[in-house]
Amino acid sequence: VEEESGQELGLDRSTPKDFHFYHMDLHDSEDRLQLFPEENTRMRKEVVQAEMANESRGAGDGKAQRDLQEEVDELVHLYELEDDHELRDEFVDENLPRTGISEYPPYVMKRRDPAREQRDWRPSGETAEAEDLGFGGWGSAGQCQDLREAYRYTHGRASEEYECYVIPEEEDEEEAADVFCVTCKTPIRAFQKVFDEHKEHEVIPLNEALESAKDEIHKNMNKLEKQIIQMENFANHLEEVFITVEENFGKQEKNFESHYNEILETLAQKYEEKIQALGEKKKEKLEALYGQLVSCGENLDTCKELMETIEEMCHEEKVDFIKDAVAMADRLGKFLKAKTDVEISAQPEFEDQTLDFSDVEQLMGSINTIPAPSAPVINPQAPNSATGSSVRVCWSLYSDDTVESYQLSYRPVQDSSPGKDQAAFTVTVKETYCSVTNLVPNTQYEFWVTAHNRAGPSPSSEHAVYMTAPSPPIIKTKEIRSCEEAVLICWESGNLNPVDSYTVELTQAESPEASGVTESVVGIPTCESLVQLQPGRSYIICVRALNMGGPSVRSEPATVHTIGSYFRLNKDTCHPWLIISEDGLTVVRSERRIPARELSSSDTRFTRCVAVMGNLIPVRGHHYWEVEVDEHLDYTVGVAFEDVTKQEDLGANCLSWCMRHTFASSRHRYEFLHNRTTPDIRITVPPKKIGILLDYENSKLSFFNVDLSQHLYTFSCQLHEFVHPCFSLETPGCLKVHNGISMPKHVTFY
């Protein structure tokens, strides 16, 4: 700005000049000055006036300083202080007047603008530093210039650096992705499908992609869990074999050492050879087992690391989760495809290291024989150590005895008295554990063990009771009841002895490739469970039984659907004149009748009213089903409490709400009965299929003509407990129930 002002006004720039700073930023650039010529000319005039004032003030200050210096020299000469330079300098400093600090130039004060001050090219805080360094205008022009150059040098930047400073504009946050590109396996925004490279790609909603990714992760997590369990069991097995091999060889070494130390010097060479052979064999087996144990541990650590990574991903945002899930799925696929070696590389058995003592027979006769081992200690049963037909038994030997084998004996426990008149079975092993097979499920067995060597058997250990896992339960598929929000599952234990609890496992049938369990309900004490589910889904359900030995295998699967309410007719409430079909959805009344005198009264079975009840799931909400009838048939349909009187007609008391139809002389009569009362309603078109809506939330029961989508009547009920569907046939005929269907749209308005 100064150069342009000097060239335009023709000033003599050879004379010393002060350096002036002006408010300047991206908006006060040269282009802006050209857009406002009047303001530009006025500003330049003010600059010239300020420079002339500073030059005149600088000349006056210089003359005052010269006069003062002359007076100081005269005083120094008068008092003979020429040699005392320190005192002279102090005198000069005390008497030298400082030039006053001038205020900002007039043009700065006049053109003060708050908006421009906020956009000053200097960083905050540098203005005060500039004033302290003399930028306010005190001293000569050369001093100011030198101080400015020093300030610039120490701060490592020049004024041109500020003139090029650009304030970045804040970028708008990236719009969140709302669809998922299946081809590219990445989340994108919806408009990219229309205008971007994803135009020809297949896309799905982000929520659907999220659910798919979750299913894939769940499937791999279940595989990882199984592999972790397998590797943990294998690692435990390896550790036991490792310890057994080490103990056996250690005991064998001590045995040879105790014998050879008492033999004459002639046996020293044989002793050294035998010990060396044992050491090499021991090293070979232990190194093989140790290497396999290390490999197993690394595989197990990798599995746990993947599991922790997946758990952290489940807490991420949707988009981040999907991005990580794709890479994690590939990584898991590669890892799970890798074959894991689960075969033991070295067995704990060792060869019988015998020596030829023919040349020293007399010496060997004087050596003490090996003592019989002490009694082993059998361990209590570990959790999940049994299956339905096998159990794993472990024991320990706390002495330093040499053991060549162990003999495990067992027999079933009956009548709560262990070992009563039961034949014992025996198994011989070399390890301190044994897996006994061909056992009866959910049965207790007592075990005891003895140790053997050349000297003979040890005393028997204490007896310990182990239990096999239960048999799988048997699901009662005909008694399963469901609605849109839950399912009621019933099963038989399948075991003579009681079990501790049951576990229900659910898998969504929409993804048959997923081998993992979607949800589990544990700790169920009885043979029945009400499970909350998501509406509009299909599930495959299995049940396991558990005891102290572990879980049983899965039961045979059963498929349930959460589409509408599904129930069957209860044969235990059926009148003897009625016949229920195999599927439990059709009831027939034949012409043949059992004489009334042969019908005995019952609290559960209808005896006077020819009716039957259905087993509706005990879940509050909306339940809808349809009944297909013959328009010439006398029937009654509705709902009733479970304790409704079985010796009265439906609708004749306050415990039932029903729609009754009678046909006589080509006339149809419809009644909506509750406590023997009915409103005066006439139906012109006889319905062939009746829709029934039970609304627990609003305590209402509604009837509809399904074919015409016509509302017939609605009861306002006092539903203080759960009710059951009920059906009655007053004349021979057939009545069919349709359930497990979605609720029609016209029904939702009532």
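What pLDDT does the protein average, and what share of the residues score at least 70?

## Confidence of the model

The protein averages a pLDDT of 76, and 69% of the residues score at least 70; pLDDT is the predictor's confidence in each residue, on a scale from 0 to 100. This is a predicted model, in which local features need pLDDT of at least 70, side-chain atom pairs count only at pLDDT 80 or more, and totals for chains, interfaces and linings use all residues. Residues are numbered from 1 along each chain as its sequence is written, and side-chain values use heavy atoms, with hydrogens and water left out.

Among the elements of the protein, strand S25 (residues 635-641) has the highest mean pLDDT, 95, and helix H5 (residues 106-110) the lowest, 38. Helices (H or I, at least four residues) and strands (E, at least two) are DSSP runs, numbered from the N terminus. Over residues 1-39 the pLDDT is below 50, and this stretch has 53 contacts beyond near neighbours in sequence, a contact being heavy atoms within 4.5 Å. Residues 94-140 also stay under 50, with 70 contacts beyond four places in sequence.

## Aromatic pairs around Phe 672

The whole structure holds 14 aromatic pairs. Rings of Phe, Tyr and Trp (its six-membered ring) pair if their centres lie within 6.5 Å; planes under 30 degrees apart count as stacked, over 60 as edge-to-face and the rest as tilted. Phe 672 and Phe 703 form a tilted pair, 5.7 Å centre to centre with 55° between the planes. This pair links distant parts of the chain, 31 residues apart: Phe 672 is in strand S27 (residues 667-673) and Phe 703 in strand S29 (residues 700-705).

Phe 672 and Phe 703 are both buried, that is, under 20% relative accessible area (exposed is over 50%, partly exposed in between; 1.4 Å probe, protein chains only). Phe 672 also forms a tilted pair with Tyr 713, at 4.9 Å centre to centre and 35° between the planes. Tyr 713 lies in strand S30 (residues 710-716), 41 residues from Phe 672. Phe 672 counts as buried because its relative accessible area is 1%.

## Other aromatic groupings

One aromatic cluster is formed by Tyr 410, Phe 425, Tyr 445, Phe 447 and Tyr 466.

Two rings have a charge over them (NZ of Lys or CZ of Arg within 6 Å of the ring centre and within 35 degrees of the ring normal). The charged end of Arg 620 sits over the ring of Phe 722, 5.1 Å from its centre. Lys 646 lies over the face of Phe 606, 5.7 Å from the ring centre.
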